[in-house]
Each structure stands twice: as structure tokens, then as C-alpha cells.
Amino acid sequence: RSSDLITEGASKRIAEFAFEYARNNQRSTVTAVHKANIMRMSDGLFLRKCGEVAENFRDIKFNEMYLDTVCLNMVQDPTQFDVLVMPNLYGDILSDLCAGLIGGLGVTPSGNIGADGVAIFESVHGTAPDIAGLDMANPTALLLSAVMMLRHMGLHEYAKKIEKACFDTIRDGKNLTKDLGGNSKCSEFTDDICHRIQDSE
């Protein structure tokens, strides 16, 4: 038999964050991801709290789906999802799945938002000590984590400039790191992004 520690307070807090995020970022739908059919007490509590919070956000559509169904649908058509809220374990699973869909952990940012807006932002991947100092690392995950931090701080224009420059550099394909299919060094990739930001000002 499985067990999981999920509290009423934490479930309510993460649900409120998801709905506030949706509202503040012009998103239309929040989907609660769970396995309440198996984890009746823990995920059942999480799902109930999400439903209760949804009552206070009538402008945002709310639905719920099983984790396995979300994983299947995410691979088939990720555009059907908007904001997803789920317990931590499922977030670990789904974020790695999504990272695989977009190019790997080297391009995946993350943020941990605590109570009262206290937050930390970091790339999902580890420190890669095997390539430290070799000018090979892909800085995208770290840059996009900084973009998330800037948005959290309300510095949306700066975030937009950095994000656009990063995406345009990748789309252009001339200065890509090896993990993105190119042969450029980290510094060349970063210089390209910096030039694009300077040119936009």
C-alpha cells in the first residue's frame, strides 16, 4: 500500500497560486493532475482543495485529470493544456517528460515559489562537473530561470527581451551548443543572445 503526505494547507496554497498565476498571465484553464482513484486520502484531499479554490476563480475554467492520462495527452498534443497543478511527485515526473518534448533538461527552467512570495529560480539540470570550465554548457535553462525570476519580480519588459533573444538565437540555429545540434561554445551562444538584446534597445 502506498502513502503520501499531503496537507490541507499546502494543497490550498498551491491551488491558489495556480489560479492566481492563470489570472495574472491571461491563462484560461487550470487542470488538477492527480491519482485520486488510487491515492484516495492524499490525492483526494488535494483534489477537494483545488475544487474549493476554483469556486473563488469563476473566470478560470477548472478541470481534473489522472496523471497517466495527462502524460499520454501531453505527448500527443501538449497545446491542449494551459496551467497544470499537482502534487510534487507528479510534477517531478511530468516536468521531465515535458523537458524531453522540448529538447532536454538543458533548456528547462524552474522556480520554487514559497509562502509570501519567497522564491528561488534555477535550471532543472545539475551542475555538469564533467564539462565545467570547457565552455560547452548550454545556458538556456539558467537564462530562462532568470526570465521566470524577472517576471516574479514584476520586471516583465526585461524578461520579454531576454526570452525573445534566447528563442530567436535557437530558432536562427547559427550558434547552438552541442546538445541543441550545433557546434558552438557556450560563450558564442551567449554572445549571440547578448547582441540581440543590445540590438533591440
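This is a short walk through a predicted model, from its opening fold to its aromatic contacts, salt bridges, surface and unusual backbone angles.

Let's begin with the strands. Strand β1 covers residues 29-34 and strand β2 covers residues 61-66; the two pair in the parallel sense, over 6 bridges. To find the register by eye, look for Thr 31, which stands opposite Asn 63 in β2. Between these strands in the chain comes helix α2, residues 42-54, and together β1, α2 and β2 make a right-handed β-α-β unit. While you have the strands on screen, one general point is handy: in a regular strand the side chains alternate between the two faces of the sheet.

Next, have a look at the aromatic side chains. The count of aromatic pairs comes to 3. One of them joins Phe 19 and Phe 57 in a stacked arrangement, with 5.3 Å centre to centre and 25 degrees between the planes. This contact links distant parts of the chain, since Phe 19 belongs to helix α1 and Phe 57 to the loop between α2 and β2, 38 residues apart. Are these two residues buried or exposed? Both Phe 19 and Phe 57 are buried. Phe 19 also pairs with Phe 62, and here the geometry is tilted: the centres are 5.9 Å apart and the planes make an angle of 45 degrees. Again the pair links distant parts of the chain, with Phe 19 in helix α1 and Phe 62 in strand β2, 43 residues apart. The accessibilities of these partners are worth a glance. Phe 19 has a relative accessible area of 0%, so it counts as buried, whereas Phe 62 has 26% and is therefore partly exposed. Taken together, Phe 19, Phe 57 and Phe 62 form one aromatic cluster.

Now to the charged side chains. How many salt bridges does the structure hold? There are 14 salt bridges. A good one to start with is the contact between Lys 35 and Asp 68, whose side chains meet at 3.4 Å, N to O. It links distant parts of the chain: Lys 35 sits in the loop between β1 and α2, and Asp 68 in helix α3 (residues 67-76), 33 residues apart. Lys 35 counts as buried because its relative accessibility is 18%, under the 20% cut-off. Asp 68, at 45%, is partly exposed.

Other salt bridges lie within a helix. In one, Lys 49 meets Glu 52, with the closest N and O atoms 2.7 Å apart. Why are these two separated by about one helical turn? Because they are 3 residues apart in helix α2. Lys 49 is buried at 9% relative accessibility, while Glu 52 is partly exposed at 43%. Helix α6, residues 156-172, offers another example: Asp 168 and Lys 164 are 4 residues apart there, so about one helical turn separates them. Their salt bridge brings the closest N and O atoms to 2.6 Å. Asp 168 counts as buried at 19%, and Lys 164 is exposed at 52%. Salt bridges that share partners also join Glu 8, Lys 49 and Glu 52 into one network.

Turning to the surface, you can find a nonpolar patch of about 310 Å², made by Ile 14, Phe 17, Tyr 21 and Ile 113. Which element gives the most to this patch? Helix α1, residues 8-24, does, with 3 residues. Ile 14 is in helix α1. Ile 14 has a relative accessible area of 36%, so it is partly exposed; that value also passes the patch cut-off of over 30%.

Finally, check the backbone. As background, most residues other than glycine have a negative phi. Gln 26 has a positive phi of about 55 degrees although it is not a glycine. Gln 26 is found in the loop between α1 and β1, and its relative accessibility of 69% makes it exposed. Asp 135, also not a glycine, has a positive phi of about 60 degrees. Asp 135 is found in the loop between β5 (119-123) and α5 (140-152), where it is partly exposed at 29%.

Terms used
Residues are numbered from 1 along each chain as its sequence is written. This is a predicted model: local features need pLDDT of at least 70, side-chain atom pairs count only at pLDDT 80 or more; totals for chains, interfaces and linings use all residues. Side-chain values use heavy atoms; hydrogens and water are left out. Patches are made of residues with over 30% relative accessible area and no salt bridge: like charges are joined within 9 Å, nonpolar side chains (Val, Leu, Ile, Met, Phe, Trp, Tyr) within 5 Å. Accessible areas come from the Shrake-Rupley method with a 1.4 Å probe; for residues, only the protein chains shown count as cover. A salt bridge is a side-chain nitrogen of Lys or Arg within 4 Å of a carboxyl oxygen of Asp or Glu. Buried means under 20% relative accessible area, exposed over 50%, partly exposed in between (1.4 Å probe, protein chains only). Two strands pair if DSSP finds at least two bridges between them. A crossover is right-handed if, with the strands pointing away from the viewer, the path from the first strand over the helix to the second runs clockwise. Rings of Phe, Tyr and Trp (its six-membered ring) pair if their centres lie within 6.5 Å; planes under 30 degrees apart count as stacked, over 60 as edge-to-face and the rest as tilted.
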